[in-house]
Amino acid sequence: MYLHGAHVTSWTDALGREAFWVSRRARWSPDAPIRGGVPVVFPQFADRGPLPKHGFARVARWELAEAGSERSEDDGPVRVRLRLGDDEHTRALWPHPFRAELRISLDERLEMELRISNPGTAALEFTAALHSYFRVAEAARAEVHGLEGAAFRDNTRDNAPGVQREPALRIRGETDRVYADAPDRVRIDSGGAVLLLHKRGFPDAVVWNPGPELARELDDFGDDEFREMLCVEAAVVERPVRLEPGAEWSAGQALRWEDAGEQE
Ligand code: TA6
C-alpha cells in the first residue's frame with residue numbers, strides 16, 4: 001500500500017492469489033490517482049459536485065499513524081492506520097476542517113475502515129467510496145452475486161433507473177451502476193476463485209467496468225484491460241453523509257476468499 005491516497009494496491013493470500021487489479025498503464029505520479037487497487041474516494045463521489053472527480057483523498061499524501069502486528073508472536077492481524085486532515089490545499093477546494101483515517105487490518109481477511117470526523121463548528125457533507133478494482137480471470141465470465149432485487153441507476157444511460165432482475169450481474173460491455181441501499185454482502189465470482197465482500201456502513205454499491213470504448217479513452221488504462229478487472233465499490237453516494245460539529249462517521253469493507261480456511 002501507498003501513503004499516496006492511502007492506496008492499497010495488492011493483497012495476496014497464502015496461495016498467492018491476487019485480489020486486486022492494477023493497470024499496467026497506471027501513472028505512478030503524485031498528482032494522479034493510481035489506476036487499480038482501492039482508491040479512497042472522499043469527499044465527493046465521481047463528478048457529483050464541484051470538486052475534482054472522486055475528491056482529493058485519492059491524490060493526497062496520507063500520514064502513517066500506526067503500523068504493526070497485534071501480538072508479538074505475530075500470527076495476529078497486521079494493522080495499519082493512515083491519517084489525512086485538512087490543509088491549505090484541501091480548504092481551497094473544500095472549505096471544511098476534517099479528520100480522515102483509514103484503518104486496515106490484514107490476516108486471512110482484508111478489512112478496511114474509513115473514519116471521518118468533523119472538528120469544526122459547522123456541519124459538513126460528503127460522499128465517499130472504497131473504489132476496489134478486482135482482478136478477474138475474464139470479465140465477460142465474471143459474476144457478481146447478491147444484488148438480485150436491488151434498484152440501481154445506470155450511469156451509461158443518463159442515470160436511468162433499473163432493477164437487478166438476474167441473480168447474477170454479468171458484464172456485457174460498459175457497466176456503470178449505482179445500487180442504492182444495496183445488500184451488504186456480495187460474492188464476486190471471477191471465473192475461478194470467489195471473493196466475498198462484506199460492507200458495513202456504506203449503504204450503496206457501485207459496479208463499474210469501462211468496456212472497450214471507454215478503456216481506449218482513458219490514458220492510464222490499457223485498451224484490452226477491461227477484460228481482466230471489475231470494480232465493486234462500497235459507497236455512500238445517493239444520500240450524502242451530514243456530519244455535525246464534533247461528530248464522527250465510519251464505514252468499511254471486509255474481503256476474504258470464499259474457501260479461506262479450507263486451504264491448509
Ligand atoms: O465508480 C464508477 C466511476 O465513477 C465511473 O463513472 C468511472 O468514471 C470510474 O469511476 C473511474 O473514474 P476515474 O476518475 O478514476 O477515471
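How many aromatic pairs does the structure hold? The count is 16. This is a predicted model, and the pairs below are read from its coordinates.

Start with Phe42 and Phe98. Their rings form a tilted aromatic pair. The centres are 5.4 Å apart, and the planes meet at 55 degrees. Planes over 60 degrees apart would count as edge-to-face, so the label here is tilted. Where do the two residues lie? Phe42 is in the loop between β1 (40–41) and β2 (63–69). Phe98 is in the loop between α1 (88–93) and β4 (99–106). The two parts are 56 residues apart in sequence, so the pair ties them together. Both Phe42 and Phe98 are buried.

Now turn to Tyr133 and Trp208. This aromatic pair is edge-to-face, with 85 degrees between the planes. Centre to centre, the rings are 6.1 Å apart. The pair links distant parts of the chain, 75 residues apart. Here the partners sit in strands: Tyr133 in β7 (residues 133–135) and Trp208 in β15 (residues 204–209). Are these two residues buried or exposed? Tyr133 has a relative accessible area of 2%. For Trp208 the value is 10%. Buried means under 20%, so Tyr133 is buried and so is Trp208.

Phe42 and Phe98 also belong to an aromatic cluster. Its other members are Phe56, Trp94, Phe126, Phe202 and Trp249.

Charged side chains meet rings too. Which residue lies over the face of Trp257? That residue is Arg17, at 4.6 Å from the ring centre. Arg177 lies over the face of Phe152. There the distance to the ring centre is 4.0 Å.

Next, the strands. Nine of them make an open sheet with antiparallel pairing. Read across the sheet, the order is β2-β3-β4-β5-β17-β14-β13-β8-β11. Which strands form the edges? They are β2 and β11 (168–170), each pairing on one side only. From one strand to the next, the twist averages 15 degrees.

Look last at the β11 edge. Strand β8 (residues 143–145) runs antiparallel to β11, and three bridges join the two. One contact can be named residue by residue: His145 has Ala168 in β11 as its bridge partner.

The β2 edge leads back to the start. β2 is an edge strand of the sheet, and the loop that holds Phe42 runs between β1 and β2. The loop with Phe98 runs between α1 and β4, and β4 sits in the sheet between β3 and β5.

Definitions and conventions: Residues are numbered from 1 along each chain as its sequence is written. This is a predicted model: local features need pLDDT of at least 70, side-chain atom pairs count only at pLDDT 80 or more; totals for chains, interfaces and linings use all residues. Side-chain values use heavy atoms; hydrogens and water are left out. Rings of Phe, Tyr and Trp (its six-membered ring) pair if their centres lie within 6.5 Å; planes under 30 degrees apart count as stacked, over 60 as edge-to-face and the rest as tilted. Helices (H or I, at least four residues) and strands (E, at least two) are DSSP runs, numbered from the N terminus. Buried means under 20% relative accessible area, exposed over 50%, partly exposed in between (1.4 Å probe, protein chains only). A charge sits over a ring if NZ of Lys or CZ of Arg is within 6 Å of the ring centre and within 35 degrees of the ring normal. Two strands pair if DSSP finds at least two bridges between them. Axes are lines fitted to C-alpha atoms, for helices over the stretch in contact, and angles run from 0 to 180 degrees between N-to-C directions.
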